[in-house]
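Here are some worked exercises to try with a model open on your screen. Give each task a go before you read its solution.

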Amino acid sequence: MSVIADNCPDIEVTLVDIDHKKIAAWNDKNLSNLPIFEPGLKEVVSRNRNKNLFFSTDIENSIKNADMVFISVNTPTKNKGFGAGYASDLKWVESCARQVSKYSKGHTIIVEKSTVPVKTAELIEEILVSNKKVKSVNKKTFSVLSSPEFLAEGTAIKDLENPDRVLIGGSDKFAINQLKDIYLRWIPEEKILLTNIWSSELSKLIANAFLAQRVSSINSISALCESTGADIKEVVKAIGSDKRIGNKFLSPGPGFGGSCFKKDILNLVYLCRFYKLDTVAEYWEQVMLINNWQKQRISSLVVEKLYGTVSNKKILMLGFSFKSNTNDTRESPAIGIAKDLIENGAELLLNDPKVTKNQIEKEIGIRELEIDKISFGKWEFVNDIYEASTGADAVILITDWDKYENLNWEKISNLLRKPSWIFDTRGIITDDLLQKIDSNFWQVGYPMTNS
Ligand code: UDX
């Protein structure tokens, strides 16, 4: 919404939330206190805030004054009831629709921005028009459009300013043109794709499923490379040079994280089962199975390399966010790997340039876990990477932050207690550096010659 405000000075954009603390943070004079860390966001907010970009908790009046309402709430996977573990929980979408139905005036265009299961627009429409009494008195009318968001965290502002495409799904020509006119201010017309509403909703799930599938595919091959002596970087170059395959999104890693991939795949699986397409459901479910397998393979490999036990061993873990340039930890592979090592008795030293100690505490919970009478699994947050390396048994690199690529790996290796191990789950340590390192080394997809 900030990017819309930035490109359309004549349009007034108001963001509302029921969470007063969040809105206060968005209005904070100190731009470093914005609730989300995202490169470029601070600048966009500071250029437009209180000019044509407002943050408010006055939901009622904001809806009353709006010609267009974007529903951008979260749709987490249900953990209870029918479809638990797979289906999306639409309670926030539903509650937004009820509020729009109650407070809106005249004609209102509702745009689904949240990633939703196919046919959610139908549900929104039903809620909107069911309030017939209010409707006839106030002459309310509605149009529902789907315009899913394809931005990736860490590059969100760039993705929004220069998207590969935007989708507008719907059938009401007036509403479609109103939304198209907004996007046209900075997006070339050929990148604005008009579809029916169900294609638009489904395309978002499928785009994420295809991306996640690529990551699982390359991760599965990383294990095969390690076993056969092939080098994943060479394989990626060879297959990525084929234009039909393309070279993007082929970096092996500790498994994908983030708020979208897992949720959307589970949702897709649920949808396939609902339509009795069980074989299709099973096919997509494998993407999740490989992802979980990759995370577990890494924690058990660390234990195995450290002579079968990590009990009372000091391990420095670099990175906790699910990828670089974000402080988001949702579904981060770091969570499971850290828990596994703590449960095996390791003393984990955790570092991340943007994730706070409190956030890590929320994700892992345990600070100290009794393994037997003499050993305890525990973790602490560390700021100084070199100090934390001193006397540690191993370093595991989890997140691909530039900062970690530029560390003095030779120095770190020298500070470790020998025999030491460096585990690079992102493949960022180069061959040149490797020659200088006096530690055992494991890299995802790298032929296991040093083990
Ligand atoms: C994703 C989609 O890219 C975006 O279009 C959608 O709107 C939301 O979901 P995001 O979750 O922010 O965006 O991050 P993305 O860059 O897609 O990465 C997801 C995960 O896959 C991360 O954990 C990342 O580290 C991992 N990944 C990505 C790899 O392991 N290898 C790759 O080559 C690419």
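**Exercise 1. An unusual proline and an unusual lysine**

Where is the place of Pro419? And what is the phi of Lys276?

Solution. Bear in mind throughout that this is a predicted model.

- Step 1: look between helix H18 (409-415) and strand E13 (421-424); Pro419 sits in the loop that joins them.
- Step 2: check the peptide bond from Lys418 to Pro419, which is cis, with omega near -5°.
- Step 3: move to the loop between helix H12 (261-274) and H13, where Lys276 is found. Phi of Lys276 is near 60°, a positive value although the residue is not glycine.
- Step 4: put both in context. Most peptide bonds are trans, and most residues other than glycine have a negative phi.

**Exercise 2. Two helices on either side of a loop**

Find how H12 and H13 are oriented to each other, and which residues make their contact.

Solution. Two packed helices are described by the angle between their axes and the distance between the axes.

- Step 1: the angle between H12 and H13 is about 165°, and their axes are 8 Å apart.
- Step 2: angles over 145 degrees count as roughly antiparallel, so H12 and H13 are roughly antiparallel to each other. Their crossing is left-handed.
- Step 3: on the H12 side the contact is made by Lys262, Ile265, Leu266, Leu268, Val269, Cys272 and Arg273. H13 brings residues including Asp278, Trp284, Glu285 and Met288.
- Step 4: sort the contact of H12 with H13 by class, and you get 10 nonpolar, no polar and 5 charged residues.

**Exercise 3. Following H10 to its partners**

At what angle does H10 pack against H13, and at what angle does H6 pack against H10?

Solution.

- Step 1: helix H10 (residues 197-228) and helix H13 (residues 278-305) pack at about 45°, with 9 Å between their axes. H10 and H13 are therefore oblique to each other, and H10 passes H13 in a left-handed crossing.
- Step 2: find the residues that meet. Among them are Phe210, Gln213, Ser216 and Glu226 in H10, and Tyr283, Trp293, Arg297 and Leu301 in H13. The classes in this contact of H10 with H13 are 10 nonpolar, 7 polar and 2 charged.
- Step 3: turn to helix H6 (residues 120-130), which packs with H10 at an angle of about 125°, the axes being 9 Å apart. H6 and H10 are therefore oblique to each other as well.
- Step 4: Thr120, Ala121 and Glu122 of H6 make this contact with Ile197, Trp198 and Glu201 of H10. By class, the contact of H6 with H10 has 3 nonpolar, 1 polar and 2 charged residues.

**Exercise 4. Where the domains meet**

How much area do domain 1 and domain 2 bury between them?

Solution.

- Step 1: set the bounds. The domain assignment gives domain 1 as 2-204 and domain 2 as 205-451.
- Step 2: the C-alpha centres of domain 1 and domain 2 are 34 Å apart, and 24 residues of domain 1 are in contact with 23 residues of domain 2.
- Step 3: between them the domains bury about 1800 Å², with 53% of it on carbon and sulfur atoms.
- Step 4: in domain 1, the residues that lose the most area to domain 2 are Phe37, Tyr86 and Glu153, together 39% of what that side buries.

Note on methods. Residues numbered from 1 in each chain as written. Predicted model: local features only at pLDDT ≥ 70, side-chain atom pairs only at ≥ 80, totals over all residues. Heavy atoms only, no water. Axes fitted to C-alpha atoms, helices over the stretch in contact; angles between N-to-C directions. Helix = DSSP H or I, 4+ residues; strand = E, 2+ residues; numbered from the N terminus. Parallel < 35°, antiparallel > 145°, perpendicular 65-115°, else oblique. Left-handed = near helix turned anticlockwise from the far one by under 90°. Contact = heavy atoms within 4.5 Å. Nonpolar A, V, L, I, M, F, W, Y, C, P; charged D, E, K, R; others polar. Domains from an automatic or database assignment. Buried area = accessible area lost by both parts, 1.4 Å probe.
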